[in-house]
Amino acid sequence: VLRLANSAFYGKRGGISRIRDAIVRVGYLSVRNAVLALSVFKMLPGRDQATSFNRLWFWQHSIATAILARMIADNGRFVDKEDAFLAGLLHDIGKPVLADYAPHDFQTAIVESQKEREHLHVIEKRVFELNHAQAGAILLSKWQLPEKITEAILHHHDFELHPDESEESESEKKPLPETPNMAEIIALANQMAKALFLGASGDYFVEDVLGDTLQFFRRGEGA
């Protein structure tokens, strides 16, 4: 925490030697996120038994998604930017859980996803009867994280445009929301990270996010 507070990112280098002063400079939520991130990294070091699941690339993707989610939230003031960062960081936390506790089945899911060119969470549901978003939400509920974080992670795959929905009539489409919610922001940040090849989390197919969030930015109301 002291090193973070004295970094160039927060202005002047040096000068902070007490934890209390560091928290004031960095902000409570930023400190919470940094501590939680370190704790998660230590709790889920990974055994890499699912050979198609690269743990380093996974964390790179998670961090990239967190940064993008924070930027989106900060740009539009839609949700708290630090909450968006935390939800982005943990959005795929269910994947290392599945990889650690059922490595062979998770490897099967990754292989079938690539073979069928289907999204990993769809194959996971077939193999495990739940996907990584659901597994992650269960874990975070046990950790007693805020419900808004858990709900965003649970629903971050709910905004895909499936082929049979792409031809729906205008009258059948849902109206655009006033502002994107947390889950929509995480969904968009996740797809942006994949499209930009910022790490990888076992699912290499960029999803078509339902128009709600993307159209919101395209029409310029988030400026």
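## Salt bridges and helix α4

Eight salt bridges are counted in this predicted model, a salt bridge being a side-chain nitrogen of Lys or Arg within 4 Å of a carboxyl oxygen of Asp or Glu. Residues are numbered from 1 along each chain as its sequence is written, and side-chain values use heavy atoms, with hydrogens and water left out. Because the model is predicted, local features need pLDDT of at least 70 and side-chain atom pairs count only at pLDDT 80 or more, while totals for chains, interfaces and linings use all residues.

Three of the salt bridges are listed here, including their N to O distances.

| Acidic residue | Basic residue | N to O distance |
|---|---|---|
| Asp100 | Arg55 | 3.0 Å |
| Asp92 | Lys95 | 3.4 Å |
| Glu112 | Arg126 | 3.5 Å |

The side chains of Asp100 and Arg55 meet in a salt bridge. Asp100 lies in helix α6 (residues 94-101) and Arg55 in helix α4, so this pair ties together parts that are 45 residues apart in sequence. Helices are DSSP runs of H or I with at least four residues, numbered from the N terminus. Asp100 and Arg55 are both buried, and so are Asp92 and Lys95; buried means under 20% relative accessible area, exposed over 50%, and partly exposed in between (1.4 Å probe, protein chains only).

Glu112 forms a salt bridge with Arg126. Glu112 belongs to helix α7 (residues 103-116) and Arg126 to helix α8 (residues 120-128), so the pair ties together parts that are 14 residues apart in sequence. Glu112 is partly exposed, with a relative accessible area of 23%, and Arg126 is partly exposed at 48%. Glu112, Glu116 and Arg126 are joined into one network by salt bridges that share partners.

Helix α4 covers residues 55-76. Its 22 residues reach 32 Å from the first C-alpha to the last, close to the 32 Å expected at 1.5 Å a residue; the expected span is 1.5 Å times one less than the number of residues. At the N-terminal end, Asn54 caps α4 with a side-chain oxygen 3.0 Å from the backbone nitrogen of Leu56. After α4 comes Arg77, whose phi is positive, near 55°. The buried residues of α4 include Arg55, Phe58, Trp59, His61 and Ser62.

Leu56, also in α4, counts as exposed because its relative accessibility is 56%. Together with Trp57 and Tyr204, Leu56 makes a nonpolar surface patch of about 340 Å². Such patches are made of residues with over 30% relative accessible area and no salt bridge, with like charges joined within 9 Å and nonpolar side chains (Val, Leu, Ile, Met, Phe, Trp, Tyr) within 5 Å.

Technical notes. Accessible areas come from the Shrake-Rupley method with a 1.4 Å probe; for residues, only the protein chains shown count as cover. Helices (H or I, at least four residues) and strands (E, at least two) are DSSP runs, numbered from the N terminus. A polar contact is a pair of N or O atoms within 3.5 Å; within protein, one must be able to donate a hydrogen and the other to accept it, and residues adjacent in sequence count only if both atoms are side-chain atoms.
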